[in-house]
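Here is a short briefing on the aromatic rings of one protein chain. Take a look at the structure, then read on with it in view.

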Amino acid sequence: LYLRLCYIEESERHVRELKKGSLNLLVLHLLYERPSYGWDICERLRERSQGTLSFEDGAVYPLLHALERDGLAEGYWETETDEGENAARKSARRRYYRLTPKGRAALRAALQDWSAFTNAVGRVLGDSAIAGEEGPH
Amino acid sequence: MSIEAYLAQLAGLLTLAPATRAEILQEVRDHLEDAAHHYIASGMARAQAEEQAVATFGDPVEVAPCGSMPSTRFNGTCGALL
């Protein structure tokens, strides 16, 4: 039982690491789709991954600030008037980020790395990469 | 924890130039307000919505890795808040 618990713990840690490693790529991609602010990025991550890729929301800010510092994105303030769901918040000032040309190049490179990585993992796993296959014990 | 209490805690952790610090606090405040309104729209009371917004945002120590102590969460992005 103890070993089994260790395995579950290890597996959770592993998933956390994978998520952390992919957050940079995901944020770059979401900014590529449209200029965006932190909350919007978190919502899109939650919705599209159906909760599987939910991070603590605060985690996106160090990342966004790093993108800005490195010249991959530029931040700017916008005041907008909300309608619909957020109508209670009449006018909100939000810090948006948009990708720079350098950021778009970084996204292309990150996508290549990601696909090289997943292809390599897939090749190693071969036929056993089928859903439902038992893990090691 | 309320949004104001959270921001006060975060402010205590950020040892940055005042302008940068204010900008980050404003950005986090906007996020928490957006989140709280999202929960209110789905039927939550204000106080509960603020609690939920703060809980989803995460530990202020990890949000502000470079204001004070090093964070293990985003190695390599230290200095991000500067």
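A residue counts as buried when its relative accessible area is under 20%, as exposed when that area is over 50%, and as partly exposed in between. Keep these cut-offs in mind as you explore this predicted model. Over all chains, the structure holds five aromatic pairs, and two of them are described below.

**How confident is the prediction?**

- Chain A has a mean pLDDT of 82, with 73% of its residues reaching 70 or more.
- Within chain A, confidence is highest in β1(A), at 96, and lowest in helix α1 (residues 2–33), at a mean of 77.

**A pair between two strands**

- A pair of aromatic rings is described by the distance of the centres and the angle of the planes.
- The ring centres of Y37(A) and Y96(A) are 5.1 Å apart and their planes stand at 65 degrees, so this pair is edge-to-face.
- Y37(A) belongs to strand β1 (residues 36–37) of chain A and Y96(A) to strand β3 (residues 91–99) of chain A, so their pairing ties together parts that are 59 residues apart in sequence.
- Because its relative accessible area is 14%, under the 20% cut-off, Y37(A) is buried.
- Y96(A) is buried too, with a relative accessible area of 11%.
- Ring pairs also bring in Y76(A), linking Y37(A), Y76(A) and Y96(A) into a cluster.

**A pair within one helix**

- W114(A) and F117(A) have ring centres 6.1 Å apart and planes at 40 degrees, so you can call this pair tilted.
- Both residues lie in helix α4 (residues 101–125) of chain A, where they are three residues apart, about one turn of the helix.
- W114(A) is partly exposed, at 36% relative accessible area, and F117(A) is partly exposed as well, at 43%.

**A nonpolar patch on the surface**

- W114(A) and F117(A) join V121(A) and L125(A) in a nonpolar patch on the surface, and together the four have about 350 Å² of accessible area.
- V121(A) is also found in helix α4 of chain A, and its relative accessibility of 35% makes it partly exposed.

**Arginines over rings**

- Which ring has the charged end of R98(A) sitting over it? The ring is that of Y76(A), and the charged end is 4.1 Å from its centre.
- Y76(A) is also one of the residues in the ring cluster described above.
- R93(A) lies over the face of W77(A), 4.3 Å from the ring centre.

Conventions. Residues are numbered from 1 along each chain as its sequence is written. Chains are lettered from A and ligands numbered from 1 in the order in which they are written. This is a predicted model: local features need pLDDT of at least 70, side-chain atom pairs count only at pLDDT 80 or more; totals for chains, interfaces and linings use all residues. Side-chain values use heavy atoms; hydrogens and water are left out. Rings of Phe, Tyr and Trp (its six-membered ring) pair if their centres lie within 6.5 Å; planes under 30 degrees apart count as stacked, over 60 as edge-to-face and the rest as tilted. Helices (H or I, at least four residues) and strands (E, at least two) are DSSP runs, numbered from the N terminus. Buried means under 20% relative accessible area, exposed over 50%, partly exposed in between (1.4 Å probe, protein chains only). A charge sits over a ring if NZ of Lys or CZ of Arg is within 6 Å of the ring centre and within 35 degrees of the ring normal. Patches are made of residues with over 30% relative accessible area and no salt bridge: like charges are joined within 9 Å, nonpolar side chains (Val, Leu, Ile, Met, Phe, Trp, Tyr) within 5 Å. Accessible areas come from the Shrake-Rupley method with a 1.4 Å probe; for residues, only the protein chains shown count as cover. A salt bridge is a side-chain nitrogen of Lys or Arg within 4 Å of a carboxyl oxygen of Asp or Glu. pLDDT is the predictor's confidence in each residue, from 0 to 100.
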